[in-house]
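User: I should like to learn how to read the features of a protein model in a systematic way. Could we work through one example together?

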Amino acid sequence: MKTTYREAIRAALADALEHDERVFLVGEDVGRYGGCFAVSLGLLEQFGPERIRDAPLSESAFVGAGIGAAMAGMRPIVEIMTVNFSLLALDQIMNNAASLLHMSGGQCAVPLVLRIPTGGGRQVAAQHSHSLEGWFAHIPGLRVVTPATLEDARGMLATALDDPDPVLIFEHASLYPMTGELADDAGAVDLDNAVIRRGGTDISLITYGGTLPMTLEAADKLQDAGVDAEVVDLRTLRPLDEKTVLESVARTHRAVIVDEGWRSGSISAEISARITESVFYELDAPVARVCSAEVPMPYARQLEQAALPSVERIVAAAREVVGTHG
Amino acid sequence: MTTTVDATRMLDRDRGLDLLRQMTLIRRFEEKCVELYSSGTIRGFVHLYIGEEAIAAGAMRALTTEDAIVSTYREHGHALARGIPARAVMAEMFGKVEGCSGGRGGSMHLFDLDTRFYGGNAIVAGGLPLALGLALADSMKGRKAVTACFFGDGAVAEGEFHEALNLAALWGLPVLFLCENNLYAMGTALDRAQAQTDLALRASSYEMPAWSVDGMDVLAVEDATRAAAEAVRAGGGPHFLELRTYRFRAHSLYDPDRYRQKDEIRQWVQRDPLSALKERMQAEDRLTDDDVAAIEQDVTAEVADAVEYAKAGHEEPVTSLTRWVYSDDGARP
């Protein structure tokens, strides 16, 4: 069936609400408005205000309420309107959701799912455009996932709801209109493994989330230039599927990491470190990275585009690493 | 039949003895903690509740086993009054496996799901949103439970307090907010930190019933908590009590207490809730010297037993350091 990333998530939400009475959705404008990105459009009419809960602009209160409800046996799905707003709930996410199980000696599990749109490219400037998923991947106790395909948009939510611990789903806002074919019986997918989206022998392009489509496009361009690139979709930033990444690099002997987050202290830095820690002697060239420029995201189109990873930058970085200039 | 006392207004002896025993247990338990801290046996932060015992003892007596509790980092009193065994609390202070949080939490993070005690939160106001969620879950599951959420006056300055009260009122959640106003947020006096110091007034701006109670009077605390909890349980939405109290000791055992006047402390100590209850009971002929001696003996033995239990407890092997980071028991790098 033909569908979009947005509709795939909506179908996953409807499925969960229908099959598990412990599930409810809470967030700003998820009900009557239909969701800031129209993901939850129609769910209020279908499931009622008790389970599709519009919340006031109180990220800390409604994320914390989700944590409390999860501790008491519910399966809340909390939507934060956009990633920069998640900082208003950082206390609850870090000090409670991620910590309660350990500091209670295993008593307080928090089966919470947070859905957070992330990323830039829409000219919405410095307070609505960042890619902070790498920060959250720093925190033990959380699982951080980044659906980049229709299958993952459809399937990650169900697995996240089955997880006894907090799962943060980062949906890149530029992916919502992505259209394609999805199997009618598409369902839950695993959250443990990275996936090789395109096999190749010359270089590993390692990415996740919003930069997957452009990385695949870059791989096609590289093919035209005689470079056979492998594309690894991390899918889950924490816990990292190190094995898939390292095996790929050990085969291709070269790596470029594409990450829309800022370069310093980023998930790309972490992956680069793990590559050098574990497969250093397999490398034929230094690891390279394509990240966002280290600026608050600007509004002007040409400036924003210059700040973000692009097909051209990925191709250039890969050619540099492979040593095929010009 | 002649009588000179209105029996209906007299304190029930069993109730009085129970409250006195509870407050004495908290007091003696914490005095032992000071001793153990001084000798280096327990470490970390230790926030004493001495002076505030009437609140934990009175409030917990008014709650049921179905109710949920959210507490703060000053929580030994709440935990003991809720019925977590002194042994398990002391073992937690010692960092032992037998502790109520397996030694992972310490003084500030006591948990016991058997008594629905959802822990001490050491981020001021960080527990309020959790209380909303516990209450929401109970309400969605059709349980008639109240979530009692303790916090201090310092929390009222935090954004999370205002977010939580607004949301609780908006959604009509069965939460009882119990604000222990001891007049100081660590070293900062209430009137140096908050433009409006009438805390019940501020809570009432969120359209919830809110009133102030003498937190040094254990009977008043119990009565007020019972009335408020019953109203919440009956579907009246969130309620707020400001319990006016004072900590006799410094903020924590690290604190040199330079910011309070000796006279102020002395005046509050004269209102010691343990002495106040004893005097009331004695005036009504409800308490003998033997009763007091028996309570002291009983409580001293309980605390001594808790210390022995904690000493004999086990240290978790460091090989299980990463246990419980995730529920499947393993570390995920």
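User: What percentage of the contacts in chain B with a separation of 6 or more comes from residues 24 or more positions apart?

Analyst: This is a predicted model. In chain B, 75% of the contacts with a separation of 6 or more are between residues 24 or more positions apart.

User: How many helices and strands does chain B have, and why is chain B as compact as a globular protein of its length?

Analyst: Chain B has 12 helices and 8 strands. Its radius of gyration is 20 Å, close to the 20 Å given by the globule rule for 333 residues, and therefore chain B is as compact as a globular protein of that length. Along the principal axes, the C-alpha atoms of chain B fill a box of roughly 75 × 50 × 45 Å. Of the 333 residues in chain B, 52% are buried.

User: Which elements give two or more residues to the side of chain B that touches chain A?

Analyst: The contact involves 34 residues of chain B and 33 residues of chain A. On the chain B side, strand S2 (117–121), helix H5 (127–140) and helix H6 (159–171) of chain B each give two or more residues. H5(B) provides the largest share, 10 residues. By class, this side of chain B has 19 nonpolar, 10 polar and 5 charged residues.

User: Is B:Gly127 buried or exposed, and why?

Analyst: A residue counts as buried if 20 or more other C-beta atoms lie within 10 Å of its own. B:Gly127 is buried because it has 29 C-beta neighbours inside 10 Å. B:Gly127 belongs to helix H5 of chain B. Leaving aside neighbours within four places in sequence, the contacts of B:Gly127 include B:Asn121, B:Cys149 and B:Phe151, as well as B:Ser71. B:Ser71 is 56 residues from B:Gly127 along the chain, with 7.0 Å between their C-alpha atoms.

User: How should one read the strand order of a sheet, and what is the order of the open sheet of 7 strands in chain A?

Analyst: Strands of a sheet pair through backbone hydrogen bonds, in either a parallel or an antiparallel sense. The open sheet of 7 strands in chain A has the order S3-S2-S4-S5-S7-S6-S12, with mixed pairing. Strand S3 (52–54) and strand S12 (236–238) of chain A are at the edges with a single partner strand each, so one side of each has no neighbour in the sheet. On average, neighbouring strands of this sheet are turned by 20° against each other, direction ignored. Strand S6 (residues 143–145) of chain A pairs with S12(A) in the antiparallel sense over 2 bridges, and A:Val144 has A:Arg238 as its bridge partner in S12(A).

User: Which strands does helix H3 of chain A lie across, and why is H3(A) largely enclosed?

Analyst: H3(A) lies across strand S2 (23–27) and strand S4 (75–79) of chain A, at about 165° to S4(A). Helix H3 (residues 59–71) of chain A has 13 residues and spans 18 Å from its first C-alpha to its last, close to the expected 18 Å. Because 13 of its 13 residues are buried, H3(A) is largely enclosed by the rest of the structure. Just after H3(A), A:Gly73 takes a positive phi of about 100°.

User: In what sense do strands S10 and S11 of chain A run, and how many bridges join them?

Analyst: Strand S10 (residues 203–207) and strand S11 (residues 229–233) of chain A run parallel and are joined by 5 bridges. A:Leu205 stands opposite A:Val231 in S11(A).

How values were computed:
Residues numbered from 1 in each chain as written. Chains lettered and ligands numbered in written order. Predicted model: local features only at pLDDT ≥ 70, side-chain atom pairs only at ≥ 80, totals over all residues. Helix = DSSP H or I, 4+ residues; strand = E, 2+ residues; numbered from the N terminus. Rg over C-alpha atoms; globule rule 2.2 N^0.38 Å. Buried ≥ 20, exposed ≤ 12 C-beta atoms within 10 Å, placed from the backbone. Contact = placed C-beta atoms within 7 Å. Nonpolar A, V, L, I, M, F, W, Y, C, P; charged D, E, K, R; others polar. Pairing = 2+ DSSP bridges. Expected span 1.5 Å × (residues − 1). Axes fitted to C-alpha atoms, helices over the stretch in contact; angles between N-to-C directions.
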